Amino acid sequence: MQATALTGEGTRILRMRDVLTRTGLSRTSVYHRIKGDDFPAPVQLGPRAIGFVEAEVNNWISRLIEASRQGAK
């Protein structure tokens, strides 16, 4: 997945538990999709902490919904 240039206000970092809640995926599924280049890559917040850019997760969800709607037609 290509990195997104992020500047300006409103950029938030979501922790894994927030991503799991928003997507309905399991932790394992998120990591599997990241490895398969089908989910936004996390950003390193510290030695043992990662987060996800909210806008990238929201875009992923929107694309998933759109693909689902296209397949239903």
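1. The accessible surface of this protein comes to about 5,400 Å², and 50% of that surface belongs to carbon and sulfur atoms. The structure is a predicted model, and the points below should be read with that in mind. Of the 73 residues of the protein, 26% count as buried.

2. As for the overall plan, the protein has three helices and three strands, and from the N terminus on these elements run in the order β-α-α-β-β-α. Among the contacts with a separation of 6 or more, 49% are accounted for by residues 24 or more positions apart.

3. The three strands form an open sheet in the order S1-S3-S2, with antiparallel pairing. Strands S1 and S2 stand at the edges and have a single partner strand each, so one side of each is left without a neighbour in the sheet. A student tracing the chain may wish to compare this order with the order of the elements along the sequence, β-α-α-β-β-α.

4. Strands S2 and S3 deserve a point of their own, for they form a hairpin with two residues between them, and their antiparallel pairing extends over three bridges. Within this pairing, Val 43 stands opposite Gly 51 in S3, while Gln 44 has Ile 50 in S3 as its bridge partner. In a regular strand the side chains alternate between the two faces of the sheet.

5. Which residues make up the largest nonpolar core? This core has 11 residues, namely Leu 14, Met 16, Val 19, Leu 25, Val 30, Ile 34, Phe 39, Ile 50, Phe 52, Val 57 and Trp 60. Two or more residues of the core come from each of the elements helix H1 (16-23), helix H2 (27-35), strand S3 (49-53) and helix H3 (54-72). In soluble globular proteins, nonpolar side chains tend to be buried together.

6. Leu 14, one of the residues of this core, is a useful place from which to look around. Once its neighbours within four places in sequence are left aside, Leu 14 is in contact with Val 19, Arg 22, Gly 51, Phe 52, Glu 54 and Val 57. Of these partners, Val 19, Phe 52 and Val 57 are listed in the core as well, whereas Glu 54 and Arg 22 meet each other in a salt bridge that is taken up in point 8.

7. Helix H1 has two sides that can be told apart by burial. Its buried residues are Met 16, Val 19 and Thr 23, and, seen down the axis of H1, these buried residues fall within an arc of 60 degrees, so they line one face of the helix. An α-helix has 3.6 residues a turn, so residues three or four places apart point the same way. The face of H1 turned away from the buried side carries the exposed residues Arg 17 and Thr 21. After H1 comes Gly 24, whose phi is positive, near 80 degrees.

8. How many salt bridges are there in the model? The count comes to three. In one of them the side chains of Glu 54 and Arg 12 meet at 3.9 Å, N to O; Glu 54 lies in helix H3 and Arg 12 in the segment before strand S1 (13-14), so the pair ties together parts that are 42 residues apart in sequence. In another, the side chains of Glu 54 and Arg 22 meet at 2.8 Å, N to O; here Arg 22 lies in helix H1, so this pair ties together parts that are 32 residues apart in sequence. Glu 54 counts as buried at 12% relative accessibility, while Arg 12 is partly exposed at 45% and Arg 22 is partly exposed at 36%.

9. A further salt bridge joins the side chains of Arg 33 and Asp 38, at 3.3 Å, N to O. Arg 33 is partly exposed, with a relative accessible area of 26%, and Asp 38 also counts as partly exposed, at 35% relative accessibility. By contrast with this pair, Arg 12, Arg 22 and Glu 54 are joined into one network by salt bridges that share partners.

10. One backbone detail is worth checking by eye. Asp 37 has a phi near 60 degrees, which is a positive value in a residue other than glycine. Asp 37 has its place in the loop between H2 and strand S2 (43-46), and it is partly exposed, with a relative accessible area of 48%.

Definitions and conventions:
Residues numbered from 1 in each chain as written. Predicted model: local features only at pLDDT ≥ 70, side-chain atom pairs only at ≥ 80, totals over all residues. Heavy atoms only, no water. Core = buried A, V, L, I, M, F, W, Y, C linked by side-chain atoms within 4.5 Å. Buried < 20%, exposed > 50% of the residue type's maximum accessible area, 1.4 Å probe, protein only. Helix = DSSP H or I, 4+ residues; strand = E, 2+ residues; numbered from the N terminus. Contact = heavy atoms within 4.5 Å. Areas by Shrake-Rupley, 256 points an atom, 1.4 Å probe, with all protein chains shown as cover. Pairing = 2+ DSSP bridges. Arc of directions from axis to C-beta. Salt bridge = Lys/Arg side-chain N within 4 Å of Asp/Glu carboxyl O.
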